Amino acid sequence: KYAGNYSLTVFPNPATDKITVNIEAINPSATKGTLTVFNAIGKEVYYLDIPRIGSSWEHRIEFDAASAGIYLIKITLDDAVLTRRVVINK
């Protein structure tokens, strides 16, 4: 659940049309980061630059136009990399 100073939660999982990504920082220090979503064949389907986070950061991702399947959420913050799988059911 933790990578470096960070914890990543993705909910709901499974989801139908949107998910919420939540990052909690034990010792907030990230100056910036990225959030990338990949589909089951490794194609990038969503990208977002994450601004400096304090003790927590939250973002909602809409999957309205996405196909049902398994997606990988990858968060990179400084030297920490956090990943979670999420299932989208339509």
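Two strands count as paired if DSSP finds at least two bridges between them. Keep that cut-off at hand for the exercises below, and remember that this is a predicted model.

**Exercise 1. Work out how β7 and β8 are joined, and find the residue across from I73.**

Step 1. Locate β7, which covers residues 69-77.
Step 2. Count its bridges to β8: there are 9, and the pairing is antiparallel. The cut-off is at least two bridges, so these strands qualify as a pair.
Step 3. Look across from I73, and you find its bridge partner R84 in β8.

**Exercise 2. Follow β4 to its partners, then write down the strand order of the sheet.**

Step 1. Start with β5: 6 bridges tie β4 to β5 in an antiparallel pairing. As a sample, G33 has I50 in β5 as its bridge partner.
Step 2. See how the chain gets from β4 to β5. The two form a hairpin with 5 residues between them, and G42 in the turn has a positive phi of about 90°.
Step 3. Now turn to β7, which pairs with β4 over 6 bridges, also in the antiparallel sense. Here T36 stands opposite K74.
Step 4. Put the pairs together: the order is β5-β4-β7-β8, an open sheet of 4 strands with antiparallel pairing. Its edges are β5 (44-50) and β8 (80-88), each of which pairs on one side only. From one strand to the next, the twist averages 15°.

**Exercise 3. Describe the hairpin made by β2 and β3.**

Step 1. Find the strands: β2 spans residues 6-11 and β3 spans residues 18-25.
Step 2. Between them lie 6 residues.
Step 3. Check the pairing, which is antiparallel with 6 bridges. One of the partnerships to look for is S7 with E24 in β3.

**Exercise 4. Is β4 largely enclosed or not, and which residues touch the most other members of the largest nonpolar core?**

Step 1. Take β4 to begin with. Because 5 of its 6 residues are buried, β4 is largely enclosed by the rest of the structure.
Step 2. Move on to the core, which has 23 residues; I19, V21, I23 and I75 touch the most other members. The elements giving two or more residues to it are β2, β3, β4 (33-38), β6 (56-62), β7 and β8.
Step 3. Zoom in on I75. Leaving out residues up to four places away in sequence, I75 touches L8, V21, I23, T34, L35, I50, A80, V81 and L82.
Step 4. Add some background: in soluble globular proteins, nonpolar side chains tend to be buried together.

Definitions and conventions:
Residues are numbered from 1 along each chain as its sequence is written. This is a predicted model: local features need pLDDT of at least 70, side-chain atom pairs count only at pLDDT 80 or more; totals for chains, interfaces and linings use all residues. Side-chain values use heavy atoms; hydrogens and water are left out. Axes are lines fitted to C-alpha atoms, for helices over the stretch in contact, and angles run from 0 to 180 degrees between N-to-C directions. A nonpolar core is a set of buried Ala, Val, Leu, Ile, Met, Phe, Trp, Tyr and Cys residues joined through side-chain atoms within 4.5 Å. Buried means under 20% relative accessible area, exposed over 50%, partly exposed in between (1.4 Å probe, protein chains only). Contact means heavy atoms within 4.5 Å.
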